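Work through these exercises with the structure open beside you. Each task is followed by a solution in steps.

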Amino acid sequence: MIDNSKIFANIKSHRIKYKIILTIMAIILLILVCLNMTIGEKNYSLMEVIHTLLSSENNYIIVKLRLPRTLAGIFCGIAFAIAGNTFQTLLGNSLASPDIIGVSSGSTVAAVFCILFLNLNRGLVSFVAVLAGAASALLIYKLASKDGYSTNRLILTGIGAQAFFSALINWMIKKASEYDVPTAMRWMSGNLNGITTDTLPLLIVIVLLALITMTYLSNSLQALELGENYATVLGVNVDVTRSLLILISVVLIAFATAISGPISSIAFLSGPIAGRLCSKNQINTIPAALTGAILVLAGDFIGQNLLPTRYPVGIITGILGAPYLVYLLIKQNKGGSI
Amino acid sequence: MKQNKITIVFTIGIIVLILSVIVSITYGAKAVGLSDIIDGIFGRNTDSFNANVVAARIPRTIFGLIAGASLSIAGVLMQSITRNPIADPSILGVNTGASLFIVIGIAFFNIQSKIAYMGIAFVGALITALFVYNLASLGNGGATPIKLAISGAAVSNALTSLISIFVMPDSSVMTTFRFWQIGSIGGTTNTDILLLLPFTIAAIVISLMLSNNLDTMLLSEETAKALGLNIGLTRGIAAICGVILCSTTTALAGPISFIGLMIPHLIRAIVGSNHKILILSSGIYGGAILIISDVLGRILGRPGELESGIMTALIGAPVFIYLIRKAKLQSL
């Protein structure tokens, strides 16, 4: 006889733990927002910042520099994180995040081309980046699925595609004029410098919509994680759900990339971290989103204020992510899951 | 029959190589004729402009030949000792390791001499290769292609971030590094070649001497042991030769990817896996392909030029994907 009350008690304590963790993450995020808004070349008190924002006073540093930067950090972080988390869950492998299998670089190639050579405005750039990201995801998937789909083959194909796209990016950066190099460097690691307010509303709307859809779909995603057969038995339309989720993820990646460049490691790191903090047996869309935002803001704060030279956020997150990537690899290789 | 095939492969290889050398010397921003080449080579008529053009293009071509041959042979060696069809200096992260060490050298020790570049690149490449290989060998099944490729990609990612940390603060380091990083065989001089040549020749000769042992190792470890082969030693020497070949090239040219992956595969498909023939013909074709990539880069990159590192990645990445597609699912 199974003791039901014990199981329910377990589930309950799980839920409480989940809520506590979410609250703590939200508090950390809030603290980081405050830090990013107040500290910098010129320091303001928190009251000054709040006062400025509420009274629509025209303080250039706060309104035109720090506010867009912080917002972009939060929403790009969320976008990369939930897109990465979805890829990892769908493909059943933490290494299958879009920044490792070449989807992000597909978007980056398009974005770099549009910005450096066509001088398109940001809205159009995002649109083209979305198309290119979707096309490269589709291409990589098609190339990887010959006589049956295999995640291993997908990852290897992705690594090849990544090399191809990086060569294209290098080529364009080399062709760009000398004074575009700082801009170009953004496309190699991700950077929050020079973000203007006009690009933000669209990003925010898209990220929020995606967040809602993904939370809504997370039950189906969880069923998919069990395996396609189980999912079908549970009444999930596997193909539709999978395509929809991948499409949303690609849109998120592409939009965020067009604004901040590919911020390294966020897509790859957030899912596993959230899984470790909460529970591996559920879809952690919200925790992953919070993790992504926290990582980007923390990385940006460290890169801007704590080091002797200013570094773009992508370099800091790349450094933070690298050891974790290697650690994950050691664990995965030892566990024999590849 | 087989002997014939091999003769044909060699003949075609040498013809292609000679043609590519001629094209590489004649074609460019200023086209020159054959007679100018002869003048340039024998130092006659040195005041003629065309002869000077030729003299400037010769080191580049020779270096391309050596670099292409070195990288292909390094690929052959790495594939044989890891028993892994997709081992290649760029996949294994060796290029990035060499890059990181060179950046550290530029940023902190102000290295300038080419020999220092080569030494430091060798150390970086060796450490990275060992690290990636050991990382991939953890767990069941040893270093399978998928584990090796992912470990290489992961370590490359990690090292790339470190490289940026060193490059970003100092714009002079950034400029030096940006041009080195793309992988170009232009800008080499005769002195560089003379410096490189002893290492390359030594490594190639030693690999040729090892080729019988490498053939035996292909059978199976047990058979090789039973035949009295010291597997560890053979592997170790071959690995060092491979690392020397790719790191010295990388030090002078910057990272050039995928040559070591493409060429050995194509050659192996035609001539089989006799290492002596494999190494020699990979060397010939590797040299030819790198020179052709360089010429293509000059054509496509007009009015400037496109570095051969970019060209080889653009050609090689699709070949890599093709190989992955062709491979049997279980073997990944």
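Phi of F258(B) is near 75°, a positive value in a residue that is not glycine. F258(B) sits in the loop between α10 (231-253) and α11 (259-271) of chain B. The model is predicted.

**Exercise 1. Decide whether F258(B) is buried or exposed.**

Step 1. Take the location: F258(B) belongs to the loop between α10 and α11 of chain B.
Step 2. Take the relative accessible area, which is 3% for F258(B).
Step 3. Apply the cut-off: buried means under 20% relative accessible area.
Step 4. Conclude that F258(B) is buried.

**Exercise 2. Describe the secondary structure and surface of chain A.**

Step 1. Count the elements. Chain A has 13 helices and 0 strands.
Step 2. Read the order along the sequence. The pattern is α-α-α-α-α-α-α-α-α-α-α-α-α.
Step 3. Check burial. Of the 338 residues in chain A, 54% are buried.
Step 4. Look at the contacts with a separation of 6 or more. In chain A, 75% of them come from residues 24 or more positions apart.
Step 5. Turn to the surface. Chain A exposes about 15,300 Å², and carbon and sulfur atoms supply 67% of that area.

**Exercise 3. Do the same for chain B.**

Step 1. Count again. Chain B contains 13 helices and 0 strands.
Step 2. Go from the N terminus on. The elements run α-α-α-α-α-α-α-α-α-α-α-α-α.
Step 3. Chain B has 332 residues, and 56% count as buried.
Step 4. Take contacts between residues at least 6 apart in sequence. In chain B, 74% of these join residues at least 24 apart.
Step 5. The accessible surface of chain B is about 13,500 Å². Carbon and sulfur atoms account for 69% of it.

**Exercise 4. Classify the packing of α4(A) against α10(A), and explain why the pair counts as oblique.**

Step 1. Locate the helices. Helix α4 of chain A covers residues 103-118, and helix α10 of chain A covers residues 238-260.
Step 2. Note the geometry. Their axes come within 9 Å and cross at roughly 45°.
Step 3. Apply the cut-offs. Under 35 degrees is roughly parallel, and 65 to 115 is roughly perpendicular. The pair α4(A) and α10(A) is therefore oblique.
Step 4. Add the hand. The crossing of α4(A) and α10(A) is right-handed.
Step 5. List the contact residues. From α4(A) come V103(A), S104(A), S107(A) and T108(A). From α10(A) come V250(A), I253(A), A254(A) and T257(A).
Step 6. Sort them. The contact of α4(A) with α10(A) has 4 nonpolar residues, 4 polar and no charged.

**Exercise 5. Find which residues G133(A) touches, beyond those up to four places away in sequence.**

Step 1. Place the residue. G133(A) is in helix α5 (residues 122-144) of chain A.
Step 2. Check burial. G133(A) has a relative accessible area of 0% and is buried.
Step 3. Name the partners. G133(A) touches V103(A), S107(A) and V250(A).
Step 4. Link back to Exercise 4. V103(A) and S107(A) of α4(A) and V250(A) of α10(A) also take part in the contact of those helices.
Step 5. Add a distance. G133(A) and L252(A) lie 119 residues apart in sequence, with their C-alpha atoms 9.8 Å apart.

**Exercise 6. Analyse the contact of α5(B) with α8(B), then place T248(B).**

Step 1. Helix α5 of chain B spans residues 114-137, and helix α8 of chain B spans residues 190-219. Their axes come within 10 Å and cross at roughly 35°.
Step 2. The crossing of α5(B) and α8(B) is right-handed.
Step 3. K114(B), I115(B) and M118(B) of α5(B) meet D192(B), L195(B), L196(B) and F199(B) of α8(B).
Step 4. These residues of α5(B) and α8(B) divide into 5 nonpolar, no polar and 2 charged.
Step 5. T248(B) belongs to helix α10 of chain B. With 5% relative accessibility, T248(B) is buried.
Step 6. Leave out residues up to four places away in sequence. T248(B) then touches M118(B), L196(B), F199(B) and V243(B).

**Exercise 7. Characterise S156(B).**

Step 1. S156(B) lies in helix α6 (residues 145-167) of chain B.
Step 2. Its relative accessible area is 14%, and S156(B) is buried.
Step 3. Not counting residues up to four places away in sequence, S156(B) touches G93(B) and T96(B).
Step 4. S156(B) and V94(B) are 62 residues apart along the chain, and their C-alpha atoms are 8.2 Å apart.

How values were computed: Residues are numbered from 1 along each chain as its sequence is written. Chains are lettered from A and ligands numbered from 1 in the order in which they are written. This is a predicted model: local features need pLDDT of at least 70, side-chain atom pairs count only at pLDDT 80 or more; totals for chains, interfaces and linings use all residues. Side-chain values use heavy atoms; hydrogens and water are left out. Axes are lines fitted to C-alpha atoms, for helices over the stretch in contact, and angles run from 0 to 180 degrees between N-to-C directions. Helices (H or I, at least four residues) and strands (E, at least two) are DSSP runs, numbered from the N terminus. Angles under 35 degrees count as roughly parallel, over 145 as roughly antiparallel, 65 to 115 as roughly perpendicular and the rest as oblique. A crossing is left-handed if the near helix is turned anticlockwise from the far one by less than a right angle, and right-handed if clockwise. Contact means heavy atoms within 4.5 Å. Ala, Val, Leu, Ile, Met, Phe, Trp, Tyr, Cys and Pro count as nonpolar, Asp, Glu, Lys and Arg as charged, and the others, Gly among them, as polar. Buried means under 20% relative accessible area, exposed over 50%, partly exposed in between (1.4 Å probe, protein chains only). Accessible areas come from the Shrake-Rupley method with a 1.4 Å probe; for residues, only the protein chains shown count as cover.
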